[in-house]
Amino acid sequence: MKFKEGNKMTLDTLLYNGEFHSMDDTNSIYEAMGIKDGKISFLGKDKEAGEIEAKEKIDMKGKLVLPGFVDTHLHAMDYAETKKFIRLNGSNSVDEVIKRGKEHYSKHGLYKGWLIGWGWNQADFEDGNEFIYKKDLDKISTDYPIILVRVCGHVAVTNSKAMELIIKNGVPEEDMEYIDTEKGILRESAVTIYRKILEKPTVENIKDMILTVQEDFLKEGITQVHSADYFSAVPEEDWEKVIIAYTELEKAGKLKVRTYEQCMFFVYENFEEFIDKGYRTGQGGEYFKIGPLKVISDGSLGARTAYMNEPYSDDPSTRGIQVLDEKQLRKFFTKAKENNMQVAVHGIGDGAIEIAADILNEVNKDDLSNPMRNGIVHAQITNERILDKMVKGNITAYIQPVFIEDDMEVAEARLGKERVATSYVWKTMLDKGIHISGGSDSPVVSFSIMENIYFVVTSKNKKGLPKEGWMPAQRLSIDEAVRLFTINAAYQSFEENIKGTLEIGKYADIVGLEKNIYNIPKDEIKDVKISFTMVNGETVYKKD
């Protein structure tokens, strides 16, 4: 039995007749757990729990209970905004995209004067088309602006009206190379230029977006998100509105999901202003904290904009896009180091990851233990040399197992067998001692933790294919998978001493599952539902 202050104290809540997997260093499993003042105060057997007084006692009826889940990389406000967009996921043809666009306009009209869509993927097209172009969107309308963003968020297509407005509004010189006005294609930093034309959101608008998504996260057992919000649903120059919105919501007691903000900047001067105003990693309260500087180093594999060391196998004319070059990255990383800012750098292609690792190690050469826990977000296309550089600098990796669903369909065509064989190597990373934590990159894909765990323990798609697993040698155990979204995630935000495991004194952030994922076939894990979610000892979601 483990008890905080002795058996005579009266607990707020006592949960018993459960299977509480602590995820601590010894994999302790308990039958009962007690909560006092939002913290875990008792862990032990049912017999011991029966002798403890509590204001409320809850029978778990044998349910599996885990530490609350943490998604270490998504875009909360982008997700909130896409609820108002055309949902294009699963569109199997250009005609289907056009149809959905017309239907959405008919039912919902425009959003801030634009028709905006999210989620198309040319890999899903079965009509022989390899892409969507301006001429296709002009079939929806040429009277109002239309922009449809690819599922990865790194490519978008516009109609004639939207392209006209974008050019008329003025495009930064550095973004012109990412725009094809003839075809209506925008890539990388140019994708978000249209946001500067939209009506700017107020702090109250941003608050509404934050509150809109909380319930969805809690239904998936997510008690904390590491969210990259700056330059997402707001123009980058309005970054401070996001901090103000979260801070005011926390003071008002309205935040139910904890947020560790990944402060995303493309423009160095905006990051410099952020630093000059005194913002630093770790500032904030229990529900909102400033996290790392987030920068984008390259694009995505599906759009062939991930920056590779060698040309793409299915398009030798390109190696992808290096969004920030070595000089720019070094400037960002140096400023971050000088001001105790953690760094999280988006890197998907082996070229982008290697450059980021080299510069992080160069900038931090005086202490390669990586006290700021700097990391690579995605870290997909790797090789032995790159992994060794990450080990050298103790660089962490924020991985997204859910990417298996789409990437297994295109990876070999894009990269060839040799490069694929050394990519998505999560088990190898663990074996080498690289710290990995789990995320989703929502709204690019689903933030379902159960799906993420399924993908990483089976290495299959949702259809259960291939039967032997796509990369079976890289599968993780269920414990290893759960840790990605609990204690490993807590480490990534310097919070392993207050959350991430079920231990005395830690936050009572917990999640109960309808089925025990340790006792069912692994192929069924993706379908397991959340029974309840508690944050700070309060039940914030309960399945009907």
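Which element gives the largest share of the lining of the largest pocket? Helix H9 does, with four residues. Keep in mind for every view below that this is a predicted model.

**View 1. The largest pocket, with H8 and H9 in its lining.** This pocket has a volume of about 590 Å³. H8 and H9 are the elements that give two or more residues to its lining. In total, 26 residues line the pocket. If you want to find its centre, look for Glu174, Phe266, Val267, Leu324 and Gln328, which lie nearest to that point. Sorted by class, the lining has eleven nonpolar residues, ten charged ones and five polar ones.

**View 2. The buried face of helix H8, residues 268–276.** Tyr268, Asn270, Phe271, Phe274 and Ile275 are the buried residues here. Looking down the axis of H8, you find them within an arc of 160°, so they line one face of the helix. That fits the usual helix rule: with 3.6 residues a turn, residues three or four places apart point the same way. What do the buried residues of H8 pack against? Their partners are two helices, H7 (239–251) and H9 (326–338), along with two strands, S17 (258–264) and S18 (288–296). H9 therefore turns up twice in these legends, once as a packing partner of H8 and once as a contributor to the pocket lining. Just past the end of H8 sits Gly278, with a positive phi of about 95°.

**View 3. The hairpin of strands S24 and S25.** S24 covers residues 530–535 and S25 covers residues 538–542; the two pair in the antiparallel sense over four bridges. To get your bearings, start at Phe532, which stands opposite Lys542 in S25. Two residues lie between the strands, and in this hairpin Asn536 takes a positive phi near 55°.

**View 4. The second largest pocket, with three helices contributing to its lining.** The volume here is about 440 Å³. Lining the pocket are 22 residues, and Asn89, Val444, Val445, Ser446 and Lys462 lie nearest its centre. Helices H2 (76–82), H12 (404–415) and H15 (449–458) each supply at least two residues of the lining. The class split is eight nonpolar, seven polar and seven charged.

**View 5. The largest cavity, one of seven of 30 Å³ or more in the structure.** Its volume is about 350 Å³. Of the 24 residues that line the cavity, His75, Asp78, Gly153, Thr192 and Met264 lie nearest its centre. The lining residues divide into ten nonpolar, nine polar and five charged.

**View 6. The second largest cavity, with H12 in its lining.** About 250 Å³ of space lies inside. Which residues lie nearest the centre of this second largest cavity? They are Cys152, Ser300, Gly302, Asp407 and Val444, out of 22 lining residues. Val444 also appears in View 4, among the residues nearest the centre of the second largest pocket. H12 gives the largest share of the cavity lining, three residues, and H12 also supplies at least two residues of the lining of the second largest pocket. By class, the cavity lining has ten nonpolar, eight polar and four charged residues.

Methods: Residues numbered from 1 in each chain as written. Predicted model: local features only at pLDDT ≥ 70, side-chain atom pairs only at ≥ 80, totals over all residues. Heavy atoms only, no water. Buried < 20%, exposed > 50% of the residue type's maximum accessible area, 1.4 Å probe, protein only. Arc of directions from axis to C-beta. Contact = heavy atoms within 4.5 Å. Pairing = 2+ DSSP bridges. 1 Å grid on protein atoms, 1.4 Å probe; cavity = no way out; pocket = protein on both sides within 12 Å on 5 of 7 lines; lining within 4 Å. Points joined across faces, edges and corners; volume = space filled by probe spheres on them. Nonpolar A, V, L, I, M, F, W, Y, C, P; charged D, E, K, R; others polar.
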